[in-house]
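Me: Hey, can you walk me through this one? I'd like to start with the aromatic rings.
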Amino acid sequence: MTGAALSAYSLRRRLLAWLLVSTAAIGAIAMIDTWDEAIDTANEVSDRVLAGSALAIAERVIVSEDGSLEVDIPYVALEMLTSAAQDRVFYRVDGPPGTFVTGYQNLPSIQRREGQAAAFGDAVFRGEPIRVAALARSASTGINSVPFTVTVAETTIARQQLTHAILLRSALRILFMILGAAAIVWVAVTLSLRPLYRFSEALSERSPDDLHPITERVPNEVQGLVDTVNSFMVRLEGALDALRHFTGNAGHQLRTPLAIVRTQLTLARRSGDLSEVQQAAEKADEAVGDAERILAQLLLMARIDAASRSTAMRQVDLVDLARTVTAEHVPRAAEAGIDLGFEGAGEVTAIVEPILIGELVKNLVSNALLYAGAGAEVTVRVAGQQGGACVEVEDNGPGIPPDRRETVLRRFERGDVSGQGRPGTGLGLPIVEEIARLHGASLSLEDGAGGKGLKVRVVFSVTA
Ligand SMILES: Nc1ncnc2c1ncn2[C@@H]1O[C@H](COP(=O)(O)OP(=O)(O)OP(=O)(O)O)[C@@H](O)[C@H]1O
Ligand SMILES: [Mg+2]
């Protein structure tokens, strides 16, 4: 793993992004709410002052002798208002409907609801937004009373400033909270990731052949990863062991024929007798043949291991393939005095890697020719069956006792034939098993017909 690959995706940044996005969304909702509340609060505060002024004016409304209304606006009534900011104040007094008494005649008034003495509202005056308060009263002459309305309005600079101040404060509060939470996440992630860093340090400090389980203490959430790595290391250890065992055995297998070749060459060099030299050459040739066979099996084994990663599977006619392999072995069968036959007709197809299946059949036929003994009968059989195909190699030789059938599937395991000078590595049947496994096919070693000899069955379950 490279640093570049890691930095492409950072847990810390991801968590922070989540936090920031979600708190920003919540903050925005809170701000909208605060905005509403700030406007209400500012209105409430200054509406009270507006109402006060309207009341102060109303108290100075009197009915003159001719029955008309007169107002003596007290300076303080307006002073109350103008103390705040640069706001300007307007007023008007109206008498009974339709009669204007004093003030700004164009100042918009607001409709009061029935029975309501005071009302507040927003309007625009001279192109400026204003807040308007209207108060209904009546002045009394003692005989009759004259109704009138006092309207007081004020530009909204002060209340806007108040609203903005409230908003700014709450925005700052939210921002501070978000930054605080981000800092906490930053620190928390750093602390929480520490066990992971220790875990990766523990891994990187190891020598490559140290595959002991990691015992570093980690949080529960990471324990799964550690368990997976540990179980992977156990499997790796197993695979490495198998590889060491395999190469050790393979080296040993090759050393024997090579030692024979060397001995025979030394003999030939020292001998002055031509027939002795020829005899040595013959033995050396045989040993080279053995070495060749061993190498071929080893290479085939390696090839299967590679094939398990990439296979060239395709639809193949098994009848044709097995018949060809059988035909190739006819001369050797004749040499060994064995009757080699083939059974199978038509076309039985399966999705397989043809070279590997060829090797599978070759190994089984070679075994039968090698171990069944002169005079035996060997039959290669291919048959289609429900949802699959079956390849069999059957002989009527000595067979393999049931309790040995599992053993001979292990690498380098040979029967008692090895003592009888028959060349072999003990890799044939393991190779057959590996190839079958690679194809998802089942392999079974059974008695031959009449309980005599050996029948090896490979059943491919998926056909095309
Ligand atoms: N058809 C058979 N009849 C009797 N014994 C058999 C037969 N096939 C295999 N065996 C026994 O099983 C053993 C293992 O066979 P396998 O093919 O794995 O190895 P090998 O033939 O000894 O060596 P290799 O095939 O690698 O050259 C053989 O040594 C032999 O004892
Ligand atoms: Mg063999």
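Me: So how many aromatic pairs are there?
Reply: The count comes to 4 aromatic pairs. Rings of Phe, Tyr and Trp (its six-membered ring) pair if their centres lie within 6.5 Å; planes under 30 degrees apart are stacked, over 60 edge-to-face and the rest tilted.
Me: Why is the pair of Phe90 and Tyr104 edge-to-face?
Reply: Their ring centres are 5.2 Å apart and the planes sit at 90°, so this pair is edge-to-face. Keep in mind it's a predicted model: local features need pLDDT of at least 70, and side-chain atom pairs need 80 or more. Residues are numbered from 1 along each chain as its sequence is written.
Me: New topic: which domains does the protein chain have?
Reply: Domain 1 (27-164), domain 2 (199-253) and domain 3 (309-461), with bounds from an automatic or database domain assignment.
Me: How many residues of domain 2 are in contact with domain 3?
Reply: 4 residues of domain 2 touch 5 of domain 3, where contact means heavy atoms within 4.5 Å.
Me: And what area is buried between them?
Reply: About 370 Å², with carbon and sulfur atoms giving 72%. That's the accessible area (1.4 Å probe) the two parts lose on being put together, summed over both.
Me: Which three residues supply most on the domain 2 side?
Reply: Phe246, Asn249 and Gln253, with 91% of the area domain 2 buries against domain 3.
Me: How many salt bridges cross that interface?
Reply: The rule finds 0, looking for a Lys or Arg side-chain nitrogen within 4 Å of an Asp or Glu carboxyl oxygen.

Definitions and conventions
Chains lettered and ligands numbered in written order. Heavy atoms only, no water.
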